[in-house]
Amino acid sequence: MTQYHPLSESDAISFAKCLSNIFPSDSELVCHEIGDGNLNLVFHITDTKSDKSVIIKQALPYAKVVGESWPLTLDRARIESEALIAQAQVCPTLVPEVYAYDPTLAVTAMEDLSDHVIMRKGLMQTVRYPLFGEHIGTFLARTLFYSSDLGMNQQDKKRQVDNFINPDLCKITEDLIFDHPYTDADTNNYEPHLQDEVDLIRNNEALLLEVAILREKFLTSSQALLHGDLHTGSIFVTPESTKVIDPEFAYYGPMGFDIGAVCANLMLNFAAQEAWSADSDACKNYRSYLTDTVKEVWTVFEREFRALWTEHGVDRIARTTGYQDHYMLQLLRDTVGFAGCKMVRRVIGLAHVADIDQIENSEVRERAQRIALHLGQQFILHHREANSIDDIVELALKCVILEKTVS
Ligand code: SR1
Ligand code: MG
């Protein structure tokens, strides 16, 4: 039996050749390792004769971004492939198809999405994706509803909670999102000019309390099967199509964590737009596009989730008058809070976003970092008071005005 080993490009070709119904027998395969994420190897394999292609993704037994000193379970490859399959059952057009999973090699073979672009890159080129809000709002509603106690048998759900227990990857989130940015952790990574803001954050008791409340929810709530890392680098897009990839952080957690991740990453791009737009009018327009998209993501999510609940809810008690409204308001508030935590960590913590880090002009980059930090803090501080998605947008516009007046 083959033992686990990191694949070379030629190993990946041998693996791909054994996949049934992908490549013709006379195929001539070429392979490139294209993984630019923090954790895995990703091989792109094409048949030069038929143009058919496949992605082979392999988990490494450590976090690639740090090295072998940070061991990580290979079980995340199983979790990823099973999460993709579960998502495909309710959103078949919104995730790549899984062709095969090999537990020994921690490898998943899946549909190649090279005709799409990583959304983060598209946003940095100020491309607009008119169907994205509808697609991702639907993805969130369907994946979260059908894996929750509202949409599935509650005993079956508990077995799913067990199946998707993901302690190593949750620990990354617990540390990098809810802990390290608020203390002097070795893994933090921020530019020295931000020290004043970092000090303010670490000494803001009201902020730390809200982070503790949100962290508790991440630690203890098993509302639904989350994607777990739904940033714009985990989403492939074209103007017509949206595909969500990379659910290796999947676990049963609070729904607002996924919705907040999408909103946070749109708002991180918002913070960085001065650098990517051609001029200030274009920047203003693109920022409006981003805030409109945040609103649309929530609005579509809410519409679809409520409709699923009403039409396909399995729980009698969930039909209690007023309960749906109470639940949706709590989801909105969680979304705002988690979005804030995800913005702060991308400036102070270990893993950043290209939207901000790739800004060459240091003054513009600093303005983007400060907008992201201010906005993230506002979201965290006010998440328990939010009553509508418009509150998020209002906070964002206020932050930009404030940043202009102080810089
Ligand atoms: C050590 S992994 C760092 C980050 O990359 C992933 O995409 C997650 O966001 C994680 O927090
Ligand atoms: Mg990832």
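About 40 Å³ of space lies in the largest cavity of this predicted model. A search of the whole structure finds two cavities of 30 Å³ or more. The lining of the largest cavity consists of Asn40, Lys57, Gln58, Ala59, Arg76, Ala77, Glu80, Ala106, Thr108 and Glu248. Strand 3 (53-59) and helix 2 (75-90) are the elements that give two or more residues to this lining. Sorted by class, the lining of the largest cavity has three nonpolar, three polar and four charged residues.

Strand 3 and helix 2 lead to the sheet around them. Strand 3 belongs to an open sheet of five strands, which has the order 1-2-3-7-6 and antiparallel pairing. Strands of a sheet pair through backbone hydrogen bonds, either parallel or antiparallel. Strand 1 (29-33) and strand 6 are the edge strands of the five-stranded sheet, and each pairs on one side only. From one strand to the next, the twist averages 20°.

At one end of that order, strand 6 (residues 98-102) pairs with strand 7 (residues 107-110) in the antiparallel sense over four bridges. Val98 stands opposite Met110 in strand 7, and Ala100 stands opposite Ala109 in strand 7. The hairpin of strand 6 and strand 7 has four residues between the strands, and Ala106 takes a positive phi near 55° there. Ala106 has already appeared in the lining of the largest cavity.

Two helices can be placed against this sheet. Helix 1 (residues 9-17) packs on the sheet and touches strand 1, strand 2, strand 3, strand 6 and strand 7. The direction of helix 1 makes about 130° with that of strand 1. Helix 2 lies across strand 2, strand 3, strand 6 and strand 7, and runs at about 155° to strand 6.

There is also an open sheet of three strands, with the order 8-10-11 and antiparallel pairing. Strand 8 (117-118) and strand 11 (242-244) stand at its edges, each with a single partner strand, so one side of each is left without a neighbour in the sheet. Strand 10 (residues 235-237) pairs with strand 11 in the antiparallel sense over three bridges. In this pairing, Ile235 stands opposite Val244 in strand 11. Helix 4 (residues 132-146) packs on the sheet, touching strand 10 and strand 11, and its direction makes about 35° with that of strand 11.

The next step is a contact between helices. The axes of helix 6 (residues 167-178) and helix 11 (residues 323-348) come within 8 Å and cross at roughly 75°. How are the two helices therefore set relative to each other? Helix 6 and helix 11 are roughly perpendicular, because angles of 65 to 115 degrees count as such. Leu176, Ile177 and Phe178 in helix 6 meet Phe338, Cys341, Lys342 and Arg345 in helix 11. By class, this contact has five nonpolar, no polar and two charged residues.

Lys342 and Arg345 of helix 11 also belong to the lining of the second largest cavity, together with Asp229, His231, Ala261, Asn265 and Arg346. About 30 Å³ of space lies in that cavity. Helix 9 (255-276) and helix 11 are the elements that give two or more residues to its lining. The largest share, three residues, comes from helix 11. The lining of the second largest cavity divides into one nonpolar, two polar and four charged residues.

His231 comes up again in the largest pocket, which has a lining of 49 residues. Asp36, Gly37, His231, Gly233 and Asp246 are the lining residues nearest its centre. The volume of the largest pocket is about 1,300 Å³. Among the elements that give two or more residues to its lining are strand 2 (40-47), strand 3, helix 6 and helix 11. Which element supplies the largest share of this lining? Helix 6 does, with four residues. The residues of the lining divide into 22 nonpolar, 14 polar and 13 charged.

The second largest pocket holds about 430 Å³ of space. Of the 17 residues that line this pocket, Cys283, Lys284, Arg287, Val400 and Lys404 are the closest to its centre. Helix 9, helix 10 (280-312), helix 13 (362-382) and helix 14 (390-406) each supply at least two residues of the lining. By class, the lining of the second largest pocket has seven nonpolar, three polar and seven charged residues.

Technical notes:
Residues numbered from 1 in each chain as written. Chains lettered and ligands numbered in written order. Predicted model: local features only at pLDDT ≥ 70, side-chain atom pairs only at ≥ 80, totals over all residues. Heavy atoms only, no water. Axes fitted to C-alpha atoms, helices over the stretch in contact; angles between N-to-C directions. Parallel < 35°, antiparallel > 145°, perpendicular 65-115°, else oblique. Contact = heavy atoms within 4.5 Å. Nonpolar A, V, L, I, M, F, W, Y, C, P; charged D, E, K, R; others polar. 1 Å grid on protein atoms, 1.4 Å probe; cavity = no way out; pocket = protein on both sides within 12 Å on 5 of 7 lines; lining within 4 Å. Points joined across faces, edges and corners; volume = space filled by probe spheres on them. Pairing = 2+ DSSP bridges.
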